[in-house]
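New to this one? Take a look at the model below, and then we'll walk through a few of its features together.

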Amino acid sequence: MILAEDLTDRMGRLLIAKGTVLTEKHLKICKIWGVVEAQIEGVSDADIDESALNELDPQELAQATEFVHERFQHADMEHPAVRELVRLSILRTVKNKNTGPDSIRQSFQLKIEEENTEGEETKPANINPLKFISEHTKLSTLPDIYNKFVDTIARPNSSSYDIENVINKDTSLSAQLLKISNSAFYSYPAKVDTISRAINIIGTQQLSTLAMGIIIIGVFNKMPARIINMEMFWKHSILCGICARILAGYKNIQNTERLFTAGLLHDIGRLVCYNYLPQESLRAILEAQNDRQLLYLKEREVFDMDHAMIGGSLVNRWQMPLSLEEMVCYHHEPQKSKNSIEPSILHIADIIANAMGIGTSGERLIPPLHEEAWTRLGLSSNILSLIMEQADNQLEDVFKVIYADDKLQQK
């Protein structure tokens, strides 16, 4: 491959000159400096797309294309980023059987069929979920350790030593944080064997944000799953958090753990509805399927609000930072947020996670990409394949820590 144009880093510094014959060494340099695209002589993006797709079985390719196009029916497939997501999603659907149509449908359809065997007609109950939350203290009351976290962080004179003491008093939480610190999520070369070392490497605020998200997941993992496959729900949520954290890194945002925690919690409002308002939730899911409509829009018809608004209300009740509340509340409509960059990141992360086809919170279709959100991030669509690759590398490690360990402890 011969470089058709000068290759520069994000700051405009020359890395490789035009006309260079690219070697493995050059590719490593690109990876180190975060360069994800380059112009190659005689090769276009269309050529690359065609080459990758031509290697696939024609019948499987046709089935995957039909399935993916159905999922993206509400998106603008002429948008460069969406077009790339469609291409990547087709490739993943063919190559990875766990991201195909059957896997996504089984994540929640079987639960719906079981719940509907009674033959009772589901009708709107005009229930206000926010009022419902305020009347059920279980939803707004978190474990004592969470309150200790909030109180410790809120004190102006709190130190990293104070945070360390709070974490160390909960052996399960400290073990989970150490496992994440030693996972592909951070990829530190040396072992992180104490919370003190984790704080020094990751940072007090970052580790605290991560801990708060893990505590909340632990609470919801103990709730009965009446509709959704909880493993699939948390896989989607964790994957969304990982994608958000990766995107935040590209934008040089400090405390990327805040974006990860927002991803963990972005669909938490759905769990409230699934567990406490199952009949109304079933109505929303079934009608969304029958009408080929986005689930969050159907939620607004049933509840007069969607899961994002419900989740944002919970985050507010839990006294989490305002930035987290904004991200959760506006992840489908980032343009409505006062600080739109972080909600834009979560919005795009959610779309990437949905396109990857791993897990689901109940939504079968891909939410539309807001042009403003993509423009605001200023990223190339060619970065999407790299984000998916990084997310794939991190997901299983993080999932085993946050979800699987918790399930094992309950047995």
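## The core

Which residues have the most contacts inside the largest nonpolar core? They are Phe-149, Trp-234, Ile-238, Trp-318 and Ile-352, and the core itself has 111 residues. Helix H14, which covers residues 230-250, puts in the largest share of this core, with 13 residues. As background, nonpolar side chains in soluble globular proteins tend to be buried together.

Bear in mind as you look around that this is a predicted model.

## The overall picture

Step back and you'll find 23 helices and 2 strands in the protein. The chain runs to 411 residues, and buried ones make up 51% of them. About 19000 Å² of the protein is exposed, with carbon and sulfur atoms supplying 48% of that area.

How do contacts spread along the sequence? Take those between residues at least 6 apart in sequence: 71% of them join residues at least 24 apart.

## A cluster of rings

Now for the aromatic residues. The structure holds 4 aromatic pairs. In one of them, Phe-185 and Tyr-186 have ring centres 5.0 Å apart and planes at 90°; the pair is edge-to-face because an angle over 60 degrees counts that way. Those two descriptors are the usual ones: a pair of aromatic rings is described by the distance of the centres and the angle of the planes.

Are Phe-185 and Tyr-186 buried or exposed? Both are buried. They also belong to a bigger group, since ring pairs link Phe-185, Tyr-186, Tyr-188 and Phe-260 into a cluster.

There's a charged neighbour to spot here too. Arg-245 lies over the face of Phe-185, 4.0 Å from the ring centre. The charged end of Arg-245 also sits over the ring of Tyr-186, at 4.7 Å from its centre.

## A tyrosine in a loop

Finally, hop over to Tyr-330. You'll find Tyr-330 in the loop between helix H20 (322-329) and helix H21 (341-356). Why does Tyr-330 count as partly exposed? Its relative accessibility is 23%, and partly exposed covers values between the 20% cut-off for buried and the 50% cut-off for exposed.

What does Tyr-330 touch, leaving aside residues up to four places away in sequence? Lys-336, Ser-337 and Pro-343. Tyr-330 and Ser-344 are 14 residues apart in sequence, and their C-alpha atoms are 8.5 Å apart in space.

Methods: Residues are numbered from 1 along each chain as its sequence is written. This is a predicted model: local features need pLDDT of at least 70, side-chain atom pairs count only at pLDDT 80 or more; totals for chains, interfaces and linings use all residues. Side-chain values use heavy atoms; hydrogens and water are left out. Helices (H or I, at least four residues) and strands (E, at least two) are DSSP runs, numbered from the N terminus. Buried means under 20% relative accessible area, exposed over 50%, partly exposed in between (1.4 Å probe, protein chains only). Contact means heavy atoms within 4.5 Å. Accessible areas come from the Shrake-Rupley method with a 1.4 Å probe; for residues, only the protein chains shown count as cover. A nonpolar core is a set of buried Ala, Val, Leu, Ile, Met, Phe, Trp, Tyr and Cys residues joined through side-chain atoms within 4.5 Å. Rings of Phe, Tyr and Trp (its six-membered ring) pair if their centres lie within 6.5 Å; planes under 30 degrees apart count as stacked, over 60 as edge-to-face and the rest as tilted. A charge sits over a ring if NZ of Lys or CZ of Arg is within 6 Å of the ring centre and within 35 degrees of the ring normal.
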